[in-house]
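User: I would like to learn how to read the enclosed and open spaces in a protein model. Could you take me through them step by step?

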Amino acid sequence: MAKRTHEERNRGFYDERAERMDPAERTAFQQKEALRTLQYAHARAPGYRRFLDEKGVDPASIRTIADFARIPVLKKNRMPEYHKADPPFGGFLAVPVESLKRIYVSPGPIHDPEGRQEDYWGLRKCLYNAGFRAGDLVMNTFSHHLTPGGIFLDEACGGIGCVMVPTGVGNTEIQVRTMAALKVNGYLGTASFLTALIGKMEELGYDPARDLTVEIAFVGGEILTASLRSGLQERGILVRQGYITADLGTLAYECPCENGMHLADDRYIEICDPLTGEPLPAGAIGEVVVTNFMSPCYPLVRYGTGDLSVVDPAPCPCGRTSPRLRGILGRADEVTKIRGMFVHPRQVNEAAARFPEQIERARVVVTREGDADVMTVELLLKGGVAATDALRTAVEGRIRETTKLRGTVLFVPEIPAGAKTIDDRRKWD
Ligand SMILES: [Zn+2]
């Protein structure tokens with residue numbers, strides 16, 4: 001097997017015309033397709049028709065993309081109840097079940113349909129742009145059943161000409177021996193499992209400097225921390241990731257610049273206010289809301305993923321012209337709007353984590369005084385730590401940095417076990 005340099009893997013586009021399209025032209029195409037999909041879903045998917053009727057929306061009144069923004073967001077976290085009420089797909093399937101290629105069982109419990117089009121999930125561009133090439137020998141350590149990950153990636157890599165070695169989860173020793181015997185050069189799975197395989201390799205008497213042949217890894221299933229990534233990169237492995245869901249396929253993918261994830265060209269993706277569904281301007285944090293115009297079988301319209309992110313429209317040095325998502329920043333159902341800004345528990349925890357020696361726990365309490373929101377940051381200090389003004393000022397500064405909001409620190413003797421990180425006590429009646 002010829003080794004490929006990183007430069008060779010980083011070169012080229014999966015679909016240059018689509019990836020370098022003029023951004024205005026791309027947006028116009030996506031919006032046209034989104035409007036078409038609304039009419040299609042209303043005509044063909046009885047569950048979606050019911051949803052629009054309940055919300056009092058007549059699709060005939062939706063003619064422009066400004067109208068489109070008025071369509072209520074279909075929240076992913078409601079899908080289990082819709083599916084349960086009208087099994088197996090809640091009436092959101094637009095074709096007969098008999099015409100599907102696969103039905104995946106996802107945790108939830110929910111079922112996800114797959115149609116028969118080639119590259120149904122739009123995953124090939126994700127793997128190609130990550131650096132996989134035809135002829136790579138790719139070990140796939142994702143589970144091949146009960147969750148879709150293994151088969152999704154098997155189809156995608158196989159589709160661009162890779163040779164697949166489906167090894168699934170666990171059996172570390174067999175995996176290491178397989179990797180070495182076949183001189184596997186591509187890896188699919190979690191970054192931590194690949195790290196564990198390299199450790200096992202040494203344990204079994206292999207020399208990773210000689211026997212580790214993996215050049216490219218596509219990882220998922222966990223947060224890719226900077227240290228996990230750099231640990232693998234130091235072994236000469238390119239590590240790439242994407243934003244893929246079991247119901248929508250590829251939403252965004254990394255390019256060789258590794259500075260966020262390019263939005264897929266073949267989905268209409270909006271960043272919206274998680275409470276009202278109103279589209280937000282570029283740079284604002286909001287819920288990722290997707291219209292999948294590529295699926296004739298499961299045409300989801302303004303589907304709220306529940307994931308929070310931010311879009312960066314700045315041009316990317318790689319030459320792809322689509323905007324980039326700046327990672328997944330949390331869950332939309334956990335955000336609270338304080339003085340017009342969304343605050344996520346993760347931001348509060350991040351601020352507290354900067355004081356590991358002093359802070360045991362922190363929570364934000366939101367109250368209302370007159371017409372103003374008041375944010376109080378309650379701090380439970382570690383044993384023996386003094387509640388000083390210097391500490392108060394430092395934490396208030398850090399909270400302002402992570403949330404862009406001013407809060408007042410209050411040292412408290414106790415934070416009840418099981419208390420929410422953001423305790424919203426405002427009354428709106
Ligand atoms: Zn790029």
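Analyst: Let us begin with a list of lining residues, keeping in mind that this is a predicted model. The largest cavity is lined by Lys 101, Glu 114, Gly 115, Gln 117, Asp 119, Tyr 120, Trp 121, Leu 123, Arg 124, Phe 152, Glu 155 and Ala 156. Its volume is about 100 Å³, and helix H8, which spans residues 149–159, gives the largest share of the lining with 3 residues.

User: What is the make-up by class of the lining of the largest cavity?

Analyst: The lining of the largest cavity has 5 nonpolar and 5 charged residues, together with 2 polar ones.

User: How many cavities of 30 Å³ or more does the structure hold, and which residues line the second largest cavity?

Analyst: A cavity is a space where a 1.4 Å probe fits but cannot get out, and the structure holds 2 of them at 30 Å³ or more. The second largest cavity, with a volume of about 30 Å³, is lined by Ala 41, Ala 45, Tyr 48, Leu 74, Phe 92, Pro 299, Leu 300 and Val 301. By class, this lining has 8 nonpolar residues, with no polar and no charged ones.

User: How should I read a pocket, and which residues lie nearest the centre of the second largest one?

Analyst: A pocket, unlike a cavity, is an open set of points, and it can be described in a similar way, by volume, lining and class. The second largest pocket has a volume of about 530 Å³ and a lining of 27 residues, with Thr 27, Leu 263, Ile 269, Val 311 and Pro 323 lying nearest its centre.

User: Which elements supply at least two residues each to the lining of that second largest pocket?

Analyst: Helix H3 (23–44), strand E11 (261–263) and strand E12 (268–272) each do so, and H3 provides the largest share of the lining, 5 residues. Taken by class, the lining of the second largest pocket consists of 17 nonpolar, 6 polar and 4 charged residues.

User: Turning from spaces to packing, which residues of helix H9 are buried, and what do they pack against?

Analyst: A residue is called buried when its relative accessible area is under 20%. In H9, which covers residues 172–182, Gln 175, Val 176, Thr 178, Met 179 and Ala 180 are buried. The buried residues of H9 pack against strand E4 (137–140), strand E5 (163–166) and helix H10 (191–203).

User: What backbone feature appears just after H9?

Analyst: Just after H9, Lys 183 takes a positive phi of about 55°.

Key:
Residues are numbered from 1 along each chain as its sequence is written. This is a predicted model: local features need pLDDT of at least 70, side-chain atom pairs count only at pLDDT 80 or more; totals for chains, interfaces and linings use all residues. Side-chain values use heavy atoms; hydrogens and water are left out. On a 1 Å grid over the protein atoms alone, a cavity is a set of points where a 1.4 Å probe fits but cannot get out, and a pocket is an open set with protein on both sides within 12 Å along at least five of seven lines; lining residues have an atom within 4 Å of a point. Grid points are joined across faces, edges and corners, and a volume is the space filled by probe spheres set on the points. Helices (H or I, at least four residues) and strands (E, at least two) are DSSP runs, numbered from the N terminus. Ala, Val, Leu, Ile, Met, Phe, Trp, Tyr, Cys and Pro count as nonpolar, Asp, Glu, Lys and Arg as charged, and the others, Gly among them, as polar. Buried means under 20% relative accessible area, exposed over 50%, partly exposed in between (1.4 Å probe, protein chains only). Contact means heavy atoms within 4.5 Å.
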